[in-house]
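Biologist: I'd love a close look at one part of this protein, namely its buried interior and the helices that build it. Could you walk me through it, residue by residue where that helps?

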Amino acid sequence: MSLALETGGADVIGPAGSVLDGSREEALTPDMPAKRALGVMLAACRREVAHHRAAALTRDDPEGIHDVRVSLRRLRAVLDLFRDVASDPDARWIEAEAGKLADALSPARDLQVFLFETAPEAPAEIMQVGGQLVDRRLADARLVLDSPRFIDFERRLGRVATASMDDSGESLVTFARSALDRCQDRVRRRGRGLSGLGAGRLHRLRLGAKKLRYAVDFLAPLFRAQAAQDYAEATAALQDVLGKMNDRRASRGVLGDIARAGGPSREVRRSCKRLMKRVATPRGRERRELKRAWKAFKRAEPFWRVSLSP
């Protein structure tokens with residue numbers, strides 16, 4: 001994600017109503033006010049969402065819809081990270097609406113992850129019904145992307161980005177150190193007693209790790225590259241293991257959808273039931289990987305406590 005501010009230039013409606021514009025860019029710097037940095041990042045998110053939305057609607061590429069979903073998650077992460085800085089009353093609406101739109105795009109991606117990553121060895125009847133269901137879910141997702149609701153969301157996001165520009169308050173680097181401390185503390189707190197955590201608490205740990213990973217991604221360029229890279233890799237490894245475990249737990253819901261889509265077919269229902277027992281059961285290997293990733297994360301040096309990027 002290029003963290004740059006759109007400045008100047010009138011909006012132009014691009015493919016399928018996307019908001020495109022010719023704009024200059026403004027890079028983030030340590031001395032920049034945190035409030036202005038929020039405007040920079042929201043504008044970059046807006047540009048990213050518009051780009052991926054246009055691509056998803058003009059190309060027959062399922063990954064385009066996933067890219068929009070990721071862009072919406074990144075937008076929500078920015079607003080969550082800068083929650084105490086964002087003063088525009090629409091900021092909370094943007095964060096909530098981005099979550100709802102991402103949820104509306106999720107069923108297609110959840111099916112794809114299950115069929116091609118979690119259970120690529122699934123029986124042919126499940127792959128056939130699941131593939132047909134993916135096509136329907138992708139069509140539903142494109143309707144969401146092409147809706148007046150989504151176009152209005154993009155426009156309101158642009159207005160909030162512009163309104164968020166403010167040169168008052170603390171510097172970005174001061175804010176970054178405090179924000180990264182807060183995100184790291186949340187993950188460490190949620191990971192206490194890791195070996196005894198159940199599904200619900202592991203889910204909360206995963207969400208915390210994801211927010212920390214986004215915060216690192218956004219703010220690491222302010223600091224020395226090598227220290228930031230080592231920490232980012234440890235955080236990414238932790239989130240990846242937790243994500244795989246979450247995908248396995250989510251497979252129950254996906255298999256239920258496939259079984260219902262199979263209609264009266266007993267063969268599909270039986271296959272779904274057998275596969276559910278196999279893929280939804282926690283694996284000892286995953287717990288061992290999680291333990292290793294957690295230890296590596298705890299050893300990682302917080303890069304924001306060292307010197308700034310030269």
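Modeller: Happy to, and let's begin with helix α2, bearing in mind that this is a predicted model. Helix α2 covers residues 62–81, and at 1.5 Å a residue its 20 residues should span 28 Å. The C-alpha atoms at its two ends are 29 Å apart, which agrees with that expectation. Of those 20 residues, 14 are buried, so α2 is largely enclosed by the rest of the structure.

Here is the setting for that helix. The protein has 10 helices and 2 strands, and reading from the N terminus the order is β-β-α-α-α-α-α-α-α-α-α-α. Of its 310 residues, 50% count as buried. The protein exposes about 14,900 Å², with carbon and sulfur atoms supplying 50% of that area. Among contacts between residues at least 6 apart in sequence, 78% join residues at least 24 apart.

Now for the interior itself. The largest nonpolar core has 92 residues, and L72, F82 and I258 are those with the most contacts inside it. Helix α8, residues 225–261, gives the most to this core, with 11 residues.

I258 is a good place to look around. Leaving out residues up to four places away in sequence, I258 touches L111, F114, L115, I126, V129, G130, L133, V268 and C272. The last of these partners, C272, has a relative accessible area of 3%; buried means under 20%, so C272 counts as buried.

L111, another partner of I258, is found in helix α3. Its relative accessibility is 2%, so L111 counts as buried too. Apart from residues up to four places away in sequence, L111 touches L133, V134, R137, V254 and I258. L111 and A250 are 139 residues apart along the chain, yet their C-alpha atoms are separated by 9.9 Å.

Elsewhere in helix α3 sits L101. At 0% relative accessibility, L101 is buried. With residues up to four places away in sequence set aside, L101 touches L72, V144, R149, F150 and F153. Notice L72 in that list: it is one of the residues with the most contacts inside the largest nonpolar core. L101 also has A141 at 9.4 Å, C-alpha to C-alpha, although 40 residues separate the two in sequence.

Helix α3, which covers residues 91–118, also holds a charged side chain worth a look, E95. Is E95 buried or exposed? With a relative accessible area of 8%, E95 is buried. Its side chain is joined to that of R92 by a polar contact of 2.9 Å. Setting aside neighbours within four places in sequence, E95 is in contact with R76, L79, D80 and R83.

One last point, about cysteines. How many disulfides does the structure hold? The structure holds 0 disulfides. In general terms, a disulfide is a covalent bond between the sulfur atoms of two cysteines. C45 is buried, with a relative accessible area of 0%, and C272, as noted above, is buried at 3%.

Key: Residues numbered from 1 in each chain as written. Predicted model: local features only at pLDDT ≥ 70, side-chain atom pairs only at ≥ 80, totals over all residues. Heavy atoms only, no water. Disulfide = S-S within 2.5 Å. Buried < 20%, exposed > 50% of the residue type's maximum accessible area, 1.4 Å probe, protein only. Helix = DSSP H or I, 4+ residues; strand = E, 2+ residues; numbered from the N terminus. Expected span 1.5 Å × (residues − 1). Core = buried A, V, L, I, M, F, W, Y, C linked by side-chain atoms within 4.5 Å. Contact = heavy atoms within 4.5 Å. Polar contact = N/O pair within 3.5 Å; in protein donor to acceptor, adjacent residues only side chain to side chain. Areas by Shrake-Rupley, 256 points an atom, 1.4 Å probe, with all protein chains shown as cover.
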